[in-house]
Amino acid sequence: MTSNRPAYRAVADQIRTAIEAGTYAPGAQLPGDMTLAKQFDTSRATVGSAIRLLQAEGYLIKKGRNYAVSPLLKKILRDANVRYRKKNREAGPDGQPSGGAFASEVKALGMRAGSDVTVDRVVPPAKVAELLDVPATEASVLSRARRMTADDIPVQLATSYIPGDIAFDSPLENVDTGAGGMISRLAEMGFPQAEVTEEINVRTPSPEEVEELALTEDARVYELLHIARTAEGRSVEVAVHIMPTSVWTLRYGWEIDAS
(Lines give C-alpha, C1' and ligand atoms only; values in the text may rest on other atoms or scores of the structure.)
Protein backbone atom coordinates (compact mmCIF):
# COMPACT_ATOMS: atom_id res chain seq x y z
CA MET A 1 0.00 0.00 0.00
CA THR A 2 1.39 3.42 -0.94
CA SER A 3 1.30 6.26 1.58
CA ASN A 4 -1.35 8.12 -0.44
CA ARG A 5 -3.67 5.18 -1.06
CA PRO A 6 -6.58 4.82 1.38
CA ALA A 7 -6.42 1.59 3.39
CA TYR A 8 -9.95 0.54 2.41
CA ARG A 9 -9.03 0.62 -1.28
CA ALA A 10 -6.07 -1.68 -0.66
CA VAL A 11 -8.39 -4.11 1.16
CA ALA A 12 -10.93 -3.86 -1.67
CA ASP A 13 -8.16 -4.61 -4.17
CA GLN A 14 -7.30 -7.85 -2.37
CA ILE A 15 -10.91 -9.00 -2.03
CA ARG A 16 -11.59 -8.12 -5.69
CA THR A 17 -8.53 -10.10 -6.77
CA ALA A 18 -9.70 -13.09 -4.72
CA ILE A 19 -13.14 -12.93 -6.35
CA GLU A 20 -11.70 -12.69 -9.86
CA ALA A 21 -9.36 -15.60 -9.11
CA GLY A 22 -12.27 -17.77 -7.97
CA THR A 23 -11.29 -17.91 -4.30
CA TYR A 24 -14.79 -16.62 -3.61
CA ALA A 25 -17.12 -18.11 -6.21
CA PRO A 26 -20.27 -16.36 -7.51
CA GLY A 27 -22.96 -16.68 -4.86
CA ALA A 28 -20.50 -17.56 -2.09
CA GLN A 29 -20.90 -15.75 1.21
CA LEU A 30 -18.08 -13.45 2.21
CA PRO A 31 -16.51 -13.92 5.66
CA GLY A 32 -17.78 -11.51 8.32
CA ASP A 33 -16.19 -8.10 8.74
CA MET A 34 -14.44 -9.13 11.98
CA THR A 35 -12.85 -12.12 10.26
CA LEU A 36 -11.78 -9.97 7.32
CA ALA A 37 -10.40 -7.29 9.64
CA LYS A 38 -8.17 -9.89 11.29
CA GLN A 39 -7.17 -11.33 7.90
CA PHE A 40 -6.07 -7.94 6.57
CA ASP A 41 -4.81 -6.61 9.91
CA THR A 42 -7.07 -3.59 9.80
CA SER A 43 -10.20 -2.18 11.42
CA ARG A 44 -13.78 -3.26 10.87
CA ALA A 45 -14.55 0.26 9.66
CA THR A 46 -11.91 -0.09 6.93
CA VAL A 47 -13.37 -3.44 5.90
CA GLY A 48 -16.84 -1.90 5.85
CA SER A 49 -15.68 0.84 3.48
CA ALA A 50 -14.01 -1.76 1.23
CA ILE A 51 -17.20 -3.83 1.12
CA ARG A 52 -19.32 -0.79 0.22
CA LEU A 53 -16.93 0.01 -2.63
CA LEU A 54 -17.11 -3.56 -3.96
CA GLN A 55 -20.89 -3.50 -3.67
CA ALA A 56 -21.01 -0.27 -5.69
CA GLU A 57 -18.77 -1.92 -8.30
CA GLY A 58 -21.11 -4.91 -8.52
CA TYR A 59 -18.81 -7.53 -7.01
CA LEU A 60 -20.87 -8.03 -3.85
CA ILE A 61 -24.57 -8.13 -3.02
CA LYS A 62 -26.35 -7.88 0.33
CA LYS A 63 -27.58 -11.24 1.55
CA GLY A 64 -29.49 -11.02 4.80
CA ARG A 65 -27.15 -9.44 7.34
CA ASN A 66 -24.06 -10.47 5.38
CA TYR A 67 -22.58 -10.09 1.90
CA ALA A 68 -22.12 -12.57 -0.92
CA VAL A 69 -20.31 -12.56 -4.23
CA SER A 70 -22.65 -11.41 -6.99
CA PRO A 71 -23.84 -14.14 -9.39
CA LEU A 72 -23.62 -11.42 -12.06
CA LEU A 73 -19.85 -11.04 -12.25
CA LYS A 74 -20.29 -11.38 -16.01
CA LYS A 75 -22.35 -8.41 -17.17
CA ILE A 76 -25.59 -8.63 -19.14
CA LEU A 77 -24.95 -7.61 -22.73
CA ARG A 78 -27.52 -5.25 -24.20
CA ASP A 79 -26.62 -5.35 -27.88
CA ALA A 80 -28.66 -2.72 -29.70
CA ASN A 81 -27.43 -4.12 -33.03
CA VAL A 82 -29.55 -7.24 -32.67
CA ARG A 83 -31.95 -6.95 -29.73
CA TYR A 84 -34.76 -5.36 -31.76
CA ARG A 85 -34.77 -8.02 -34.45
CA LYS A 86 -37.90 -10.16 -34.41
CA LYS A 87 -36.03 -13.45 -33.99
CA ASN A 88 -34.07 -12.13 -31.00
CA ARG A 89 -37.21 -10.83 -29.28
CA GLU A 90 -39.32 -13.91 -29.80
CA ALA A 91 -36.76 -16.69 -29.19
CA GLY A 92 -33.93 -17.01 -26.72
CA PRO A 93 -30.40 -18.31 -27.41
CA ASP A 94 -31.71 -21.85 -26.83
CA GLY A 95 -34.36 -21.43 -29.53
CA GLN A 96 -37.22 -21.54 -27.03
CA PRO A 97 -39.93 -18.82 -27.00
CA SER A 98 -38.87 -15.61 -25.27
CA GLY A 99 -40.88 -12.79 -23.75
CA GLY A 100 -38.69 -10.12 -25.33
CA ALA A 101 -35.11 -8.97 -25.81
CA PHE A 102 -34.41 -8.63 -22.07
CA ALA A 103 -35.44 -12.24 -21.40
CA SER A 104 -33.14 -13.43 -24.19
CA GLU A 105 -30.22 -11.35 -22.85
CA VAL A 106 -30.55 -12.80 -19.36
CA LYS A 107 -31.04 -16.33 -20.66
CA ALA A 108 -27.74 -15.98 -22.55
CA LEU A 109 -26.02 -15.92 -19.13
CA GLY A 110 -27.82 -19.08 -18.04
CA MET A 111 -30.05 -17.09 -15.70
CA ARG A 112 -33.81 -16.73 -15.31
CA ALA A 113 -35.39 -13.42 -16.31
CA GLY A 114 -38.23 -12.00 -14.25
CA SER A 115 -40.33 -8.87 -14.45
CA ASP A 116 -42.84 -7.26 -12.10
CA VAL A 117 -45.12 -5.25 -14.39
CA THR A 118 -47.52 -2.43 -13.56
CA VAL A 119 -49.78 -1.23 -16.37
CA ASP A 120 -51.72 2.01 -16.08
CA ARG A 121 -53.16 4.93 -18.04
CA VAL A 122 -51.22 7.98 -16.87
CA VAL A 123 -50.45 11.64 -17.41
CA PRO A 124 -47.06 11.56 -19.18
CA PRO A 125 -43.99 13.49 -18.01
CA ALA A 126 -43.58 16.68 -20.04
CA LYS A 127 -40.64 15.41 -22.09
CA VAL A 128 -42.45 12.15 -22.90
CA ALA A 129 -45.56 14.06 -23.95
CA GLU A 130 -43.48 16.21 -26.27
CA LEU A 131 -41.75 13.23 -27.87
CA LEU A 132 -45.02 11.34 -28.37
CA ASP A 133 -46.95 14.47 -29.39
CA VAL A 134 -49.70 13.86 -26.82
CA PRO A 135 -51.26 16.11 -24.13
CA ALA A 136 -49.27 16.51 -20.90
CA THR A 137 -52.37 17.52 -18.93
CA GLU A 138 -54.42 14.31 -19.09
CA ALA A 139 -54.02 10.53 -19.02
CA SER A 140 -52.97 10.34 -22.65
CA VAL A 141 -50.50 7.42 -22.55
CA LEU A 142 -50.29 3.84 -21.40
CA SER A 143 -47.47 3.25 -18.94
CA ARG A 144 -45.82 -0.16 -18.64
CA ALA A 145 -43.48 0.02 -15.62
CA ARG A 146 -41.23 -2.98 -15.00
CA ARG A 147 -38.83 -4.01 -12.23
CA MET A 148 -36.66 -6.55 -13.99
CA THR A 149 -34.59 -9.31 -12.41
CA ALA A 150 -32.02 -11.98 -13.25
CA ASP A 151 -32.35 -14.96 -10.90
CA ASP A 152 -34.28 -12.64 -8.55
CA ILE A 153 -31.48 -10.03 -8.55
CA PRO A 154 -32.90 -6.60 -9.54
CA VAL A 155 -31.04 -5.39 -12.63
CA GLN A 156 -33.24 -2.77 -14.30
CA LEU A 157 -36.17 -0.42 -13.91
CA ALA A 158 -37.90 0.39 -17.18
CA THR A 159 -41.03 2.37 -17.98
CA SER A 160 -42.45 2.45 -21.50
CA TYR A 161 -45.00 5.03 -22.59
CA ILE A 162 -47.26 4.39 -25.61
CA PRO A 163 -49.83 6.86 -27.01
CA GLY A 164 -53.30 6.09 -25.73
CA ASP A 165 -54.92 6.10 -29.17
CA ILE A 166 -52.72 3.10 -29.97
CA ALA A 167 -52.50 1.31 -26.62
CA PHE A 168 -55.82 1.79 -24.84
CA ASP A 169 -58.12 -1.25 -25.08
CA SER A 170 -55.40 -3.24 -26.83
CA PRO A 171 -53.25 -6.28 -25.95
CA LEU A 172 -50.65 -3.81 -24.62
CA GLU A 173 -52.80 -3.40 -21.50
CA ASN A 174 -52.18 -7.05 -20.62
CA VAL A 175 -49.46 -7.62 -18.03
CA ASP A 176 -48.08 -10.47 -20.16
CA THR A 177 -47.83 -9.33 -23.77
CA GLY A 178 -46.67 -12.73 -25.04
CA ALA A 179 -43.78 -13.87 -27.24
CA GLY A 180 -41.65 -10.99 -28.42
CA GLY A 181 -43.22 -8.62 -25.92
CA MET A 182 -44.69 -5.21 -26.58
CA ILE A 183 -42.71 -4.54 -29.77
CA SER A 184 -44.14 -7.62 -31.48
CA ARG A 185 -47.67 -6.65 -30.41
CA LEU A 186 -47.21 -3.12 -31.80
CA ALA A 187 -46.08 -4.61 -35.11
CA GLU A 188 -49.16 -6.85 -35.24
CA MET A 189 -51.33 -3.79 -34.55
CA GLY A 190 -49.88 -1.97 -37.58
CA PHE A 191 -47.20 0.07 -35.82
CA PRO A 192 -43.90 -1.73 -36.49
CA GLN A 193 -40.89 0.09 -35.09
CA ALA A 194 -38.49 1.08 -37.87
CA GLU A 195 -36.16 3.60 -36.24
CA VAL A 196 -34.74 3.88 -32.72
CA THR A 197 -32.91 6.73 -31.01
CA GLU A 198 -31.28 6.26 -27.61
CA GLU A 199 -29.72 8.86 -25.32
CA ILE A 200 -27.56 7.66 -22.42
CA ASN A 201 -26.40 9.50 -19.33
CA VAL A 202 -24.61 8.22 -16.22
CA ARG A 203 -25.63 9.46 -12.77
CA THR A 204 -26.04 8.44 -9.14
CA PRO A 205 -29.33 6.68 -8.35
CA SER A 206 -32.26 8.35 -6.64
CA PRO A 207 -33.28 7.10 -3.17
CA GLU A 208 -36.14 5.15 -4.76
CA GLU A 209 -33.77 3.54 -7.27
CA VAL A 210 -31.34 2.62 -4.48
CA GLU A 211 -34.19 0.79 -2.78
CA GLU A 212 -35.67 -0.86 -5.88
CA LEU A 213 -32.32 -2.00 -7.32
CA ALA A 214 -30.60 -2.81 -4.00
CA LEU A 215 -27.77 -0.36 -4.73
CA THR A 216 -25.45 1.72 -2.61
CA GLU A 217 -25.98 5.47 -2.76
CA ASP A 218 -22.59 5.97 -4.45
CA ALA A 219 -23.30 3.44 -7.21
CA ARG A 220 -23.79 4.64 -10.78
CA VAL A 221 -26.65 3.95 -13.16
CA TYR A 222 -27.25 4.41 -16.86
CA GLU A 223 -30.35 6.49 -17.58
CA LEU A 224 -31.24 5.42 -21.11
CA LEU A 225 -33.95 7.29 -23.00
CA HIS A 226 -35.33 5.13 -25.83
CA ILE A 227 -37.49 6.61 -28.62
CA ALA A 228 -38.99 4.30 -31.25
CA ARG A 229 -40.62 5.49 -34.44
CA THR A 230 -42.46 3.91 -37.35
CA ALA A 231 -41.22 4.17 -40.93
CA GLU A 232 -43.60 7.13 -41.31
CA GLY A 233 -41.81 8.95 -38.48
CA ARG A 234 -44.44 8.61 -35.76
CA SER A 235 -43.11 8.08 -32.24
CA VAL A 236 -44.95 5.05 -30.85
CA GLU A 237 -42.88 4.34 -27.73
CA VAL A 238 -40.75 6.34 -25.33
CA ALA A 239 -39.02 4.31 -22.64
CA VAL A 240 -36.83 5.27 -19.69
CA HIS A 241 -34.43 2.55 -18.55
CA ILE A 242 -32.49 2.75 -15.27
CA MET A 243 -29.62 0.23 -15.34
CA PRO A 244 -26.74 -0.22 -12.85
CA THR A 245 -23.47 0.33 -14.70
CA SER A 246 -21.94 -2.55 -12.73
CA VAL A 247 -24.42 -5.01 -14.26
CA TRP A 248 -24.73 -3.94 -17.89
CA THR A 249 -22.58 -3.66 -21.00
CA LEU A 250 -24.16 -1.52 -23.75
CA ARG A 251 -23.15 -2.28 -27.31
CA TYR A 252 -23.89 -0.19 -30.43
CA GLY A 253 -22.71 -0.33 -34.01
CA TRP A 254 -23.36 1.56 -37.21
CA GLU A 255 -22.32 1.71 -40.82
CA ILE A 256 -19.95 4.48 -41.92
CA ASP A 257 -20.34 6.32 -45.19
CA ALA A 258 -16.73 6.44 -46.41
CA SER A 259 -17.53 8.71 -49.36
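Colleague: Is Glu-209 buried or exposed?

Modeller: This is a predicted model, so the answer rests on computed values. Glu-209 has a relative accessibility of 10%. Buried means under 20%. Because of that cut-off, Glu-209 counts as buried.

Colleague: Which side chain meets Glu-209 in a salt bridge?

Modeller: Side chains of opposite charge can pair when their charged atoms come close. Here the N to O distance is 2.8 Å. The partner is partly exposed, at 26% relative accessibility. It is Arg-203.

Colleague: Which residues are joined into one network by salt bridges that share partners?

Modeller: The structure holds 18 salt bridges. Some of them share partners. The network they form is made of Arg-5, Asp-13, Arg-16 and Glu-57.

Colleague: Which helices does the salt bridge of Arg-44 and Asp-33 link?

Modeller: The two side chains meet at 3.3 Å, N to O. The residues are 11 apart along the chain, and the pair links distant parts of it. Arg-44 is partly exposed at 46%, and Asp-33 is partly exposed at 30%. Arg-44 sits in helix H3 and Asp-33 in helix H2.

Colleague: Which strands are linked by the salt bridge of Glu-195 and Arg-229?

Modeller: The side chains of Glu-195 and Arg-229 meet at 3.8 Å, N to O. The two residues are 34 apart in the chain. Glu-195 belongs to residues 195-203, and Arg-229 to residues 221-229. Those runs are strand S7 and strand S8.

Colleague: Is Arg-229 buried or exposed?

Modeller: Its partner Glu-195 is partly exposed, at 41% relative accessibility. Arg-229 has a relative accessible area of 19%. The cut-off for buried is under 20%, so Arg-229 is buried.

Colleague: What distance separates the end C-alpha atoms of helix H1?

Modeller: H1 covers residues 7-20, which makes 14 residues. At 1.5 Å a residue, the helix should span 20 Å. The model agrees: the end C-alpha atoms are separated by 20 Å.

Colleague: What covers the buried residues of H1?

Modeller: The buried residues of H1 include Ala-10, Val-11, Ile-15 and Ile-19. Arg-16 is also one of them. Their cover includes two helices and two strands: H2 (33-39), H3 (44-56), S1 (60-63) and S2 (66-69).

Colleague: What do the buried residues of H3 pack against?

Modeller: H3 has 13 residues and reaches 18 Å, close to the 18 Å expected. Its buried residues include Val-47, Ile-51, Leu-53 and Leu-54. They pack against H1, H2, S1 and S2.

Colleague: Which residues just after H1 and H3 take a positive phi?

Modeller: Just after H1, the phi is about 90°. Just after H3, it is about 95°. The residue after H1 is Gly-22, and the residue after H3 is Gly-58.

Colleague: Which residues touch the most other members of the largest nonpolar core?

Modeller: In soluble globular proteins, nonpolar side chains tend to be buried together. The largest nonpolar core here has 18 residues. H1, H2 and H3 each supply at least two of them. The residues asked for are Ile-15, Ile-19, Tyr-24, Leu-30, Leu-36 and Leu-60.

Colleague: How many residues make up the other core, the one with Ile-153?

Modeller: That core lies apart from the largest one. Among its residues are Ile-153, Ala-158, Tyr-222 and Met-243. The number is 16 residues.

Colleague: Which residues does Ile-15 touch, leaving out those up to four places away in sequence?

Modeller: Ile-15 is one of the buried residues of H1. With sequence neighbours up to four places away left out, Ile-15 touches Leu-30, Leu-36, Phe-40 and Leu-54.

Colleague: Which residues make the nonpolar surface patch of about 490 Å²?

Modeller: One of them, Trp-254, lies in the segment after strand S10 (248-251). Trp-254 counts as exposed, at 67% relative accessibility. The patch is made by Ile-200, Tyr-252, Trp-254 and Ile-256.

Colleague: What share of the chain counts as buried?

Modeller: The chain has nine helices and 10 strands. Its C-alpha atoms fill a box of roughly 65 × 45 × 40 Å along the principal axes. Of its 259 residues, the buried share is 44%.

Conventions: Residues numbered from 1 in each chain as written. Predicted model: local features only at pLDDT ≥ 70, side-chain atom pairs only at ≥ 80, totals over all residues. Heavy atoms only, no water. Patch = residues over 30% accessible without salt bridge, like charges linked within 9 Å, V, L, I, M, F, W, Y side chains within 5 Å. Areas by Shrake-Rupley, 256 points an atom, 1.4 Å probe, with all protein chains shown as cover. Salt bridge = Lys/Arg side-chain N within 4 Å of Asp/Glu carboxyl O. Helix = DSSP H or I, 4+ residues; strand = E, 2+ residues; numbered from the N terminus. Buried < 20%, exposed > 50% of the residue type's maximum accessible area, 1.4 Å probe, protein only. Expected span 1.5 Å × (residues − 1). Contact = heavy atoms within 4.5 Å. Core = buried A, V, L, I, M, F, W, Y, C linked by side-chain atoms within 4.5 Å.
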